[in-house]
Amino acid sequence: MDLRHTMKGRRAMAAVAITTGLFLTVSGCGGGDGGGTPKATRSSAQSGKGGGDGAEQASPTASQDQILAEVKGNDVTLTITSAVRDQGGFVTVSGTVTNGGGQFWVAANWRGDERELSRNGASMAGASLTDSKGKKKYLVLRDTQGRCLCTKFDGGGVDAGKSADWFAQFPAPPADTTAVDFQVGSMPPASIEISEG
């Protein structure tokens with residue numbers, strides 16, 4: 001009888017621990033605003049929404065009107081509006097993704113090939129910057145728990161006819177490298193210029 005009660009108690013404690021872990025993981029992942037990332041990164045990524053004073057020190061209208069690159073593939077349009085190098089040695093790239101198709105678009109193949117897929121879900125985790133001059137490829141930064149420093153899309157994608165803001169943070173190429181190619185998933189590469197923050 002005591003053994004049965006002991007086993008029930010252990011199972012209950014394990015269930016509580018798993019539930020708590022899942023709750024913390026979900027709340028830590030946040031929504032499409034790139035939850036779990038530093039405030040400076042979020043404000044930089046959200047400057048295209050017209051809210052906040054982004055790290056670029058540009059007005060919201062200027063951010064929305066400036067398009068560094070735009071690529072299309074399978075009813076999805078990826079627009080890049082900002083690529084800013086900060087003094088901490090990072091480059092934050094941001095823009096919008098628009099679903100021009102008639103069905104919900106799932107960002108599954110944008111999350112990258114990694115073991116921590118469940119932590120990054122439908123996100124920009126698979127994006128990269130390629131420095132042709134230096135012959136190097138830079139991947140999206142991860143935190144100590146394997147979560148990307150990038151946007152995670154609410155609901156796993158974008159509704160038909162809708163747009164979503166996104167950002168992704170990378171290690172910065174050398175200071176003399178300003179031209180890089182941005183790519184995510186099966187989208188064509190987009191040539192962009194990095195500006196100083």
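Start by selecting Glu196 and Arg85 in this predicted model: their side chains meet in a salt bridge, with 3.0 Å from N to O. Now colour the strands and see where the two partners sit. Glu196 belongs to strand β11 (residues 195-196) and Arg85 to strand β2 (residues 76-85), so this salt bridge, defined by a side-chain nitrogen within 4 Å of a carboxyl oxygen, links distant parts of the chain, 111 residues apart.

Switch on a surface and keep the pair selected. Which of the two is buried, and which is exposed? Glu196 has 53% relative accessibility and counts as exposed, whereas Arg85, at 6%, counts as buried.

**Next stop: two loops**

Select Asp176 and Lys133 next. They form a salt bridge too, and the closest N and O atoms are 3.4 Å apart. Asp176 lies in the loop between β8 (163-171) and β9 (179-183), while Lys133 lies in the loop between β5 (128-131) and β6 (136-139), so the pair ties together parts that are 43 residues apart in sequence. With the surface still on, check each partner in turn: Asp176 is exposed at 53% relative accessibility, and Lys133 is exposed as well, with a relative accessible area of 60%.

**A third pair**

Move on to Asp143 and Arg147. Their side chains meet in a salt bridge at 3.3 Å, again from N to O. How accessible is Asp143? At 23% relative accessibility, Asp143 counts as partly exposed. Its partner Arg147 is buried, because its relative accessible area of 15% falls under the 20% cut-off. With this pair you have completed the set, as the count comes to 3 salt bridges.

**Last stop: a sheet**

Hide the side chains and show the strands as ribbons. Select β6, β5, β9 and β10: they make up an open sheet of 4 strands, in the order β6-β5-β9-β10, with antiparallel pairing. Which strands are at the edges? Look at β6 and β10 (190-193), each of which pairs on one side only. If you turn the view to look across the sheet, note that neighbouring strands are turned by 30° against each other on average, direction ignored.

Finally, zoom in on β5 and β6. These strands run antiparallel and are joined by 4 bridges. To find one residue pairing, select Thr130 and look across to β6, where its bridge partner is Lys137. From here you can return to Lys133, which lies in the loop between β5 and β6.

Notes: Residues numbered from 1 in each chain as written. Predicted model: local features only at pLDDT ≥ 70, side-chain atom pairs only at ≥ 80, totals over all residues. Heavy atoms only, no water. Buried < 20%, exposed > 50% of the residue type's maximum accessible area, 1.4 Å probe, protein only. Pairing = 2+ DSSP bridges. Axes fitted to C-alpha atoms, helices over the stretch in contact; angles between N-to-C directions.
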